[in-house]
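Hi everyone, thanks for coming. I'd like to walk you through a structure today, so let's put it on the screen and have a look together.

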Amino acid sequence: MASEAEEGGEVHTTEMTTDDSPPSIVEEKEEKVVSTEGEIVKTSDGNAQESGSSSLPEGLSLNYEEARALLGRLEFQKGNVEAALCVFDGIDLQAAIQRFQPSLADKTPSKKGQPKSESPRSGTQNPATLVLEAIYLKSLSLQKLGKSTEAANQCKSVLDSVESMFQNGPPNIEQKLQETVNKSVELLPEAWKQAGSHQEALASYRCALLSQWNLDEECCTRIQKRFAAFLLYSSVEGSPPNLASQVEGSFVPKNNIEEAILLLMIVLKKWYQGKTHWDPSVMEHLTYALSLCDQPYVLAKHIEEVLPGIYPRTERWYTLALCYYAVGQKEDALNFLRKSLNKHENPNDIMALLLATKICSEERHLSSEGVEYARRAIIHTKSSDAHMKSMGLHFLGNCLGKKSKIVSSDHQRSLLQSETLKSFTESIALDRHNPDLIFDMGVEYAEQRNMNAALRCAKEFIDATGGSVSKGWRLLALVLSAQQRYPEAEVATNAALDETAKWDQGSLLSLKAKLKVAQSSPMEAVEAYRALLALVQAQKNSSGSCKANVEDDSVSEFEIWQGLANLYSGLSYWRDADICLQKARALKSYSAATLHAEGYMLEAREQNKEALAAYVNAFSIELEHVPSKVAIGALLCKQGPKYLPAARCFLSDALRIEPTNRMAWLHLGKVHKNDGRIADAADCFQASVMLEESDPVESFKSLS
């Protein structure tokens with residue numbers, strides 16, 4: 001029969017059932033493919049049955065490719081992939097397409113809207129469609145057998161054939177052929193991926209979305225989702241798409257992540273418009289992609305646009321809290337968590353409790369609320385989950401430490417400081433190698449003036465992080481400076497500068513300048529500030545930003561000019577100090593630090609009234625600005641006995657905010673001495689001397 005087909009190009013139905021013919025696949029399965037009496041109908045279980053009515057004209061014959069296409073399809077539907085592949089191998093696609101092209105053209109509607117001409121086989125499926133479907137099934141068979149490269153090539157041949165048949169633009173083709181095209185467009189990149197040909201897969205995805213294949217909405221959406229996942233997780237960096245017909249001003253993604261985000265946003269837009277079904281994986285991919293490019297605010301907006309009923313409310317609130325916390329909107333994040341942790345919602349959600357505690361631990365006025373959240377988290381944490389319990393104890397310690405700084409009673413402050421260290425100790429027993437926990441414990445020891453313990457924690461943190469985190473070196477240098485070991489502190493700072501990237505050296509250079517001042521080397525301090533200014537200017541130029549502040553672990557240009565002004569004021573270089581203050585004021589018009597420096601300069605020139613006005617203005621701008629309170633108290637103390645109560649009030653308030661401020665204790669001692677309370681004065685002077693012996697060149701609060 002095969003030789004007759006090769007010679008005549010056709011196989012008649014009568015020939016297929018004669019006894020003289022060699023056994024065929026259909027004869028082995030005892031089934032008829034076609035007959036002049038009936039047509040083949042596929043049932044739900046994939047078997048072929050005879051239909052009672054004929055749709056083929058009397059005596060119509062099948063050509064060789066059509067017969068193999070039908071036989072192969074039957075075998076594929078039964079799951080006989082290898083047998084189907086053997087049948088499909090005998091189809092010559094190019095020859096079939098050339099032979100079927102006229103009949104396919106007959107099926108295409110006229111451009112002028114005229115009725116389409118009747119095909120000789122108008123009552124049957126188009127033969128080209130049948131053969132193209134067979135080649136698609138062949139590629140699917142090859143894929144199932146693990147021959148992905150051959151599968152991709154066969155699939156590509158289907159699309160190339162359709163393109164060659166319709167060179168004048170996208171056709172209005174029959175439904176069955178369109179289905180084959182859709183499936184082939186979907187299969188091609190998947191086959192290339194399985195074959196490990198990632199660049200070909202990338203090109204296939206883009207071709208599928210940019211070519212005019214008349215894909216239906218669901219098919220296009222599936223391709224977009226798969227392409228986005230491929231861009232995010234394939235570890236293959238493809239070149240940006242080169243759009244031949246790019247609209248001026250349109251967005252063109254520059255890398256894989258941007259292209260994936262664009263695709264996912266298009267899919268989300270379709271869902272918002274009701275064109276496709278909701279798929280939670282889209283939001284998961286978008287969350288990952290936006291996290292990679294540090295765009296949590298954009299993610300929050302998309303989560304807020306998701307209709308109610310898709311996400312559980314508490315899950316949505318928690319995710320939104322994470323997003324808003326990441327962009328620094330802590331109050332908004334905490335409000336979402338308060339809603340989620342309401343007694344009528346999910347009050348015992350460990351992750352929400354821990355996040356709420358972390359947010360509260362960063363603000364003094366929220367510390368009491370954070371203590372409650374932390375204790376709830378610890379209570380509801382499973383005994384087997386040591387890590388989560390350690391985190392709860394860690395954040396509890398941070399909140400207790402912040403709370404100890406706002407209480408008015410010395411006894412209460414002492415109790416809270418003891419509880420802080422107890423929480424840290426319990427936490428570190430559960431998670432011994434947590435660098436952040438070691439660092440926070442070191443800062444707490446330093447603020448309580450236990451310098452030996454703080455020094456031990458600083459060294460442990462540096463060992464745990466391999467010296468790659470600058471704040472560990474800063475803690476070490478500040479502790480050494482509090483022990484009056486300035487040369488060693490400078491050595492630690494220089495070591496940190498060697499280990500730290502250039503853009504992250506700002507805070508270290510600032511610390512180095514202050515160490516130079518403490519060692520009575522003001523000119524070297526000026527050089528350090530100049531290097532710091534050069535670094536800030538380079539950062540501004542590289543980012544193209546006109547803002548005065550730089551990000552990350554650095555200092556602002558305003559702080560540099562302020563530091564220089566204080567340095568020149570200490571040296572009585574009033575003109576230079578005034579120039580630096582003008583620079584600082586240009587960057588930040590209303591600043592308590594600038595007004596305090598102005599007041600200091602006026603006081604040094606014995607312009608006490610103007611100096612007091614400057615201090616009061618600084619205090620008005622920042623109600624808890626301790627240097628201004630101390631300066632007001634010290635100045636009032638000089639004015640005479642009737643001003644002593646007011647001076648004592650300001651100095652006591654300064655010590656409430658910062659109990660370790662040695663200058664506040666010193667001037668409070670003077671107030672008590674002038675008021676005749678010698679014993680109180682002696683206690684204050686003793687506290688001032690003790691604090692001076694452990695006073696760092698920079699407040700430990702700068703590490704928080």
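Let's start with one stretch, residues 314–347. Its end C-alpha atoms sit 10 Å apart, and the span is 71% helix with 0% strand. Please keep in mind that this is a predicted model.

Where does that stretch come from? The unreviewed UniProt entry lists residues 314–347 under "repeat: TPR", and residues 662–695 are listed there too. For residues 662–695, the model has 82% helix and 0% strand, with 8 Å between the end C-alpha atoms.

Now let's step back to the chain as a whole. How many helices and strands are there in the protein chain? We have 33 helices and four strands. The protein chain has 704 residues, and 47% of them are buried. If you take the contacts with a separation of 6 or more, 58% are between residues 24 or more positions apart. As for the outside, the accessible surface of the protein chain is about 35,200 Å², and carbon and sulfur atoms hold 50% of that.

One last spot, for those of you who like surfaces. Which residues form a nonpolar patch there? They are Tyr233, Tyr288 and Leu292, and together they have about 290 Å² of accessible area. Let me pick out Tyr288, which belongs to helix α12, residues 280–292. Is Tyr288 buried or exposed? Its relative accessible area is 35%, so Tyr288 counts as partly exposed, a label used between the 20% and 50% cut-offs.

That's my tour. Thanks for listening, and I'm happy to take questions!

Methods: Residues are numbered from 1 along each chain as its sequence is written. This is a predicted model: local features need pLDDT of at least 70, side-chain atom pairs count only at pLDDT 80 or more; totals for chains, interfaces and linings use all residues. Side-chain values use heavy atoms; hydrogens and water are left out. Patches are made of residues with over 30% relative accessible area and no salt bridge: like charges are joined within 9 Å, nonpolar side chains (Val, Leu, Ile, Met, Phe, Trp, Tyr) within 5 Å. Accessible areas come from the Shrake-Rupley method with a 1.4 Å probe; for residues, only the protein chains shown count as cover. A salt bridge is a side-chain nitrogen of Lys or Arg within 4 Å of a carboxyl oxygen of Asp or Glu. Helices (H or I, at least four residues) and strands (E, at least two) are DSSP runs, numbered from the N terminus. Buried means under 20% relative accessible area, exposed over 50%, partly exposed in between (1.4 Å probe, protein chains only). UniProt positions are given in the numbering used here, feature names are shortened, and annotations may be inferred rather than shown by experiment. Contact means heavy atoms within 4.5 Å.
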